[in-house]
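Welcome, and please have a look at the structure shown here before reading on. A short tour follows, written for someone who would like to know their way around the fold.

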Amino acid sequence: MIIDGLCADYSSSYCPCILAETGECVVCSQVNGSDFCDCKISGGFCVQQELIRNGGKAKPGRKTYECKVSTIIHFDDLVFLRVQVPHELEMEVKRPGGFVFVRRMEDETWFDTPISVMYEELNVGSIALSILLRGVKTSRFANIAEGDTLLVRGPYTSGLLGLRHIEKQQAGKSLVLAKGIGLLPSMAVIRYLQSRHNEVDVYLDEGGFPASISKFCLDLFDLHYKPINILDPAGQLREEVKETILRFAVSGGTLIHVGGSEYVIRKIAEYIESVGLGSIRLSACNNATMCCGEGICGACSETTAGKHVIHRCKEQVNPRKI
Ligand code: FES
């Protein structure tokens, strides 16, 4: 695992955050106690300077908003919600990798659930969320209804890895390989790439994911896909996937997005490396367990080969190296 970019909050309105205040910043060596500045990778924004300007304190963190549910569709185990949100939240979270933590108003003391925000046009005063009822936290949304109030905390932006590649991709060719529930966070990527005039080929391996739900999601946004099986019974990449990747590269494709487990992402990344397609840019969904989203609780932490602990809610890691 290597770090492939700056902190997700670098230079945002939340920077410097509590990590800079406590000397644990993931970007700035000087606020962490070093005599030297080694932030040559960062551009035009000095975390230390901002911290001094702010009296040595972190900027105010994310807020929790009380938001009304304006539309709701229950479809099998999926709940599709449209939630009215303040303009400031909508503007920041409707981008690839954008997500929020939600819980129901009556569950004030319950746990937050991190949910990806759909990419769509701005200035409509609401965001769209898809919640699959799968566990202790998401099952609380089983009987949610229009007019109910949600507590929405955000915005957070590190729901994807390789974000800078997605944001750079314009009027090019992209390939999306999604497996199972990885389809849901990948839908924002597909729609974002399409909005930037990219030709996007979508391949979906439904795996154990209910076919009715993937059809519902794709129909909702009029997205087309080709079915594929990504892994064989031995857990290796199938030939049809390898051929699809090679055909894509030969035809001038430049970005592959993988919506799947860490294992699937690693298998595809290894294959791309092994056939010398280093120029293909890779992005993937961020499967880390998100809890605080602020680099503090440690739920999303991993240790790199260099024995450096990183927090995947903050630091973008290279999908080729997970
Ligand atoms: S989610 Fe808490 S440290 Fe990343």
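The report below goes from the whole chain to its domains, then to one helix, and ends with some backbone details.

**The whole chain**

Please keep in mind that this is a predicted model. The protein chain contains eight helices and 16 strands. Along the principal axes, its C-alpha atoms fill a box of roughly 55 × 50 × 35 Å. A compact globule of 322 residues would have a radius of gyration near 20 Å, and the protein chain has 20 Å, so the two agree. Of the 322 residues, 40% count as buried. Among contacts between residues at least 6 apart in sequence, 70% join residues at least 24 apart.

**Two domains and where they touch**

The chain is divided into domain 1 (63-156) and domain 2 (160-293). Their C-alpha centres lie 24 Å apart. Where the two meet, 17 residues of domain 1 are in contact with 19 residues of domain 2. On the domain 1 side, the elements giving two or more residues are β3 (78-84), β5 (113-116) and β6 (126-132). What kinds of residue make up the side of domain 1 that touches domain 2? They divide into eleven nonpolar, three polar and three charged.

**A closer look at helix α8**

Helix α8 covers residues 262-274. With 13 residues at 1.5 Å a residue, α8 should span 18 Å, and its end C-alpha atoms are indeed 18 Å apart.

Which residues of α8 are buried? They are Val264, Ile265, Ile268, Ala269 and Ile272. Seen down the axis of α8, the buried residues fall within an arc of 130°, so they line one face of the helix. The general geometry helps here: an α-helix has 3.6 residues a turn, so residues three or four places apart point the same way. On the other side of α8, Glu270 and Ser274 are exposed.

The cover over the buried residues of α8 includes β9 (173-179), α7 (239-250), β12 (255-259) and β13 (281-285). Just after α8, Gly276 takes a positive phi of about 70°.

**Backbone details worth finding**

As background, most residues other than glycine have a negative phi, and most peptide bonds are trans. The table gathers some places in this model that depart from that pattern.

| Place | Feature | Value |
|---|---|---|
| Cys15 and Pro16 | cis peptide bond | omega about 5° |
| Gly154 and Pro155 | cis peptide bond | omega about 5° |
| Asp76 | positive phi | phi near 50° |
| Asn123 | positive phi | phi near 60° |

To find the cis bonds on screen, start with Pro16, which lies in the loop between β1 (3-7) and α1 (18-21). Pro155, in contrast, is found in strand β7 (residues 149-156).

Asp76 and Asn123 are the next stops. Asp76 is found in the loop between β2 (63-75) and β3, and Asn123 has its place in the loop between β5 and β6. Are these residues buried or exposed? Asp76 is exposed, with 11 other C-beta atoms within 10 Å. Asn123 also counts as exposed, because it has 8 C-beta neighbours inside 10 Å, and the cut-off for exposed is 12 or fewer.

Terms used. Residues are numbered from 1 along each chain as its sequence is written. This is a predicted model: local features need pLDDT of at least 70, side-chain atom pairs count only at pLDDT 80 or more; totals for chains, interfaces and linings use all residues. Helices (H or I, at least four residues) and strands (E, at least two) are DSSP runs, numbered from the N terminus. The expected span of a helix is 1.5 Å times one less than its number of residues. A residue is buried if 20 or more other C-beta atoms lie within 10 Å of its own, exposed if 12 or fewer, and partly exposed in between; C-beta atoms are placed from the backbone. The arc is that of the directions from the helix axis to the C-beta atoms. Two residues are in contact if their C-beta atoms, placed from the backbone, lie within 7 Å. Domain bounds come from an automatic or database domain assignment. Ala, Val, Leu, Ile, Met, Phe, Trp, Tyr, Cys and Pro count as nonpolar, Asp, Glu, Lys and Arg as charged, and the others, Gly among them, as polar. The radius of gyration is taken over C-alpha atoms; the globule rule is 2.2 Å times the number of residues to the power 0.38.
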